[in-house]
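The paragraphs that follow lead through one model, moving from its charged pairs to its surface patches and then to its cysteines. Please keep the sequence and the coordinates open while reading.

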Amino acid sequence: MRGTAAIVGGGIAGLATARALLGAGWDVTVRETAAGPWHHLPLGDLAELGRARRAVPTTPDGPAGETGPPGPARRRRSWRTVETSILLRAIAVVIICGSHADLFRLLGGAHTLLAVAGFNAARFGLSVPTARGRWRASARMLIGVAVPTTAVALVGMVTQDRYGWANVALANWLVGDVTYGFRNELWFVDALVASTLTLTAVLSVPVAGRIWRRDPWRVAAALAVLALVPRFLILHLGEGVLRGIMPTTFWLFAVGAAVAHADTGRRRLLTLAVAVVGGATYFPDDPVRNVTVLACIAALTLLPEVRVPALAVPLVSLLASASLYVYLVQFQILGLVPSALGATVLAIATGCLLWRAADRPVRRLQDLVPPPTR
């Protein structure tokens with residue numbers, strides 16, 4: 001049996017379902033959200049949405065009123081719709097891995113992922129209306145990040161002395177020596193964890209929480225502007241590898257959160273303006289890196305979804321799902337293969353296999369925290 005399906009939600013389960021349906025010959029559209037906060041819609045509303053989709057009259061050649069090739073050819077049409085945030089996760093991890101392997105030089109992937117992480121956190125877990133619910137949602141998200149990171153850090157510490165206890169605790173930016181990048185490979189995870197906790201804590205302040213419920217963009221945009229202060233101050237006063245620590249990267253996470261709720265053209269432009277202020281000179285000696293990060297944020301802001309070749313959707317969804325695991329294992333893998341291309345492919349493949357093996361156990365650990373209901 002073949003048909004058309006819309007997968008609402010670009011998380012691990014949604015992307016895995018999309019791959020399975022594509023393999024069975026279905027026409028699949030992957031979306032992070034429906035029209036509005038789908039994950040808080042009543043069950044009846046979701047059922048009505050599904051009935052509305054199925055109510056489109058059809059003919060043997062496809063939906064009524066459409067012209068074009070016959071039905072079988074239409075079902076095999078060569079393009080699919082994917083949310084931009086999903087595509088950016090897949091592209092960014094390839095950029096990160098390939099650049100670290102010296103296959104090419106296109107930096108900025110990890111900083112892009114921070115903005116995408118803020119976007120997804122604001123749209124999903126942190127959209128819960130109560131502080132208690134947001135802490136539960138954040139705990140579930142952080143378990144999914146902390147468990148594989150801690151495991152990789154422990155293995156690297158024991159077998160290669162590559163990491164230390166600060167890496168295991170996901171706090172190297174806070175207690176480790178980051179001045180010259182010592183044991184700072186996992187900076188992205190440290191920044192992600194600290195940024196998530198910071199935003200969740202801010203939203204626990206009653207006045208911030210009330211405004212967030214009414215108009216989340218105002219809170220996220222204000223935080224993004226405030227986060228520019230440490231971004232400029234620390235980089236001006238300090239020296240060394242400081243663009244990979246939480247105080248100087250939080251503005252990216254906050255910008256992503258603002259993008260998630262920028263519901264008018266004016267708000268989207270204002271959010272992009274904040275991003276340009278923070279990113280135009282972020283890497284003073286690498287303007288291409290600045291442009292790469294800003295271009296990805298602009299795509300996230302202005303293009304909710306994109307069309308991609310149907311054959312690429314399974315690969316895109318796999319890379320997006322496994323992006324954290326690829327990031328974590330690449331440092332141990334890249335030095336094992338002399339060829340830059342071979343090392344990149346091996347690191348990506350290893351990360352995808354590790355995600356496959358760890359996905360279900362990690363989700364079971366996440367389920368130990370009750371999902372937020374309000």
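Asp 359 is a good place to begin, since at 10% relative accessibility Asp 359 counts as buried, where buried means under 20% relative accessible area, exposed means over 50%, and partly exposed lies in between, with a 1.4 Å probe and protein chains only. The areas themselves come from the Shrake-Rupley method with a 1.4 Å probe, and for residues only the protein chains shown count as cover. This is a predicted model, in which local features need pLDDT of at least 70 and side-chain atom pairs count only at pLDDT 80 or more, while totals for chains, interfaces and linings use all residues. Residues are numbered from 1 along each chain as its sequence is written, and side-chain values use heavy atoms, with hydrogens and water left out.

The partner of Asp 359 is Arg 363, and the two form a salt bridge whose closest N and O atoms are 3.1 Å apart; a salt bridge here is a side-chain nitrogen of Lys or Arg within 4 Å of a carboxyl oxygen of Asp or Glu. Because Arg 363 and Asp 359 are four residues apart in helix α17 (residues 340-366), they are separated by about one helical turn. Helices are DSSP runs of H or I with at least four residues, strands are runs of E with at least two, and both are numbered from the N terminus. Unlike the buried Asp 359, Arg 363 counts as partly exposed, at 32% relative accessibility.

The structure holds six salt bridges. Side chains of opposite charge can pair when their charged atoms come close. One of the bridges joins Arg 105 to Asp 286, with the closest N and O atoms 3.0 Å apart. This pair links distant parts of the chain, as Arg 105 sits in the loop between α4 and α5, whereas Asp 286 sits in the loop between α13 (265-279) and α14 (287-302), 181 residues apart. Arg 105 is exposed, with a relative accessible area of 64%, while Asp 286 is buried, with a relative accessible area of 14%.

Another bridge brings together the side chains of Arg 267 and Asp 215, at 2.6 Å from N to O. Here too distant parts of the chain are linked: Arg 267 belongs to helix α13 and Asp 215 to the loop between α10 and α11, with their positions 52 residues apart in sequence. Arg 267 counts as buried at 16% relative accessibility, and Asp 215 is buried as well, with a relative accessible area of 16%.

What else does the loop between α4 and α5 hold? Ala 101 is found there, and this residue is buried, with a relative accessible area of 13%. The C-alpha atoms of Ala 101 and Ser 339 are separated by 8.6 Å, although these residues are 238 apart along the chain. Leu 103 lies in the loop between α4 (84-100) and α5 (109-123), and at 34% relative accessibility Leu 103 counts as partly exposed.

Leu 103 also belongs to a nonpolar surface patch of about 490 Å², made together with Phe 104, Leu 106, Val 288, Leu 341 and Val 345. Patches consist of residues with over 30% relative accessible area and no salt bridge, like charges being joined within 9 Å and nonpolar side chains (Val, Leu, Ile, Met, Phe, Trp, Tyr) within 5 Å.

A patch of positive charge gathers Arg 210, Arg 213, Arg 214 and Arg 218 on the surface; Lys and Arg count as positive and Asp and Glu as negative, with His and the chain ends not counted. Helix α10 (residues 206-214) gives the most to this patch, with three residues. Arg 214 is found in helix α10 and counts as exposed, at 60% relative accessibility.

In helix α11 (residues 216-237) lies Leu 223, which is buried, with a relative accessible area of 12%. Leu 223 and Ala 258 are 35 residues apart in sequence and 8.8 Å apart in space, C-alpha to C-alpha.

Why does the sulfur of Cys 97 not form a bond with the closest cysteine sulfur? The closest one, in Cys 352, is 9.7 Å away, too far for a bond, whereas a disulfide is a pair of cysteine sulfur atoms within 2.5 Å. The structure holds zero disulfides. Cys 97 counts as buried at 1% relative accessibility, and Cys 352 counts as buried at 9%.

Conventions:
The place of a charge is taken as NZ of Lys, CZ of Arg, CG of Asp or CD of Glu.
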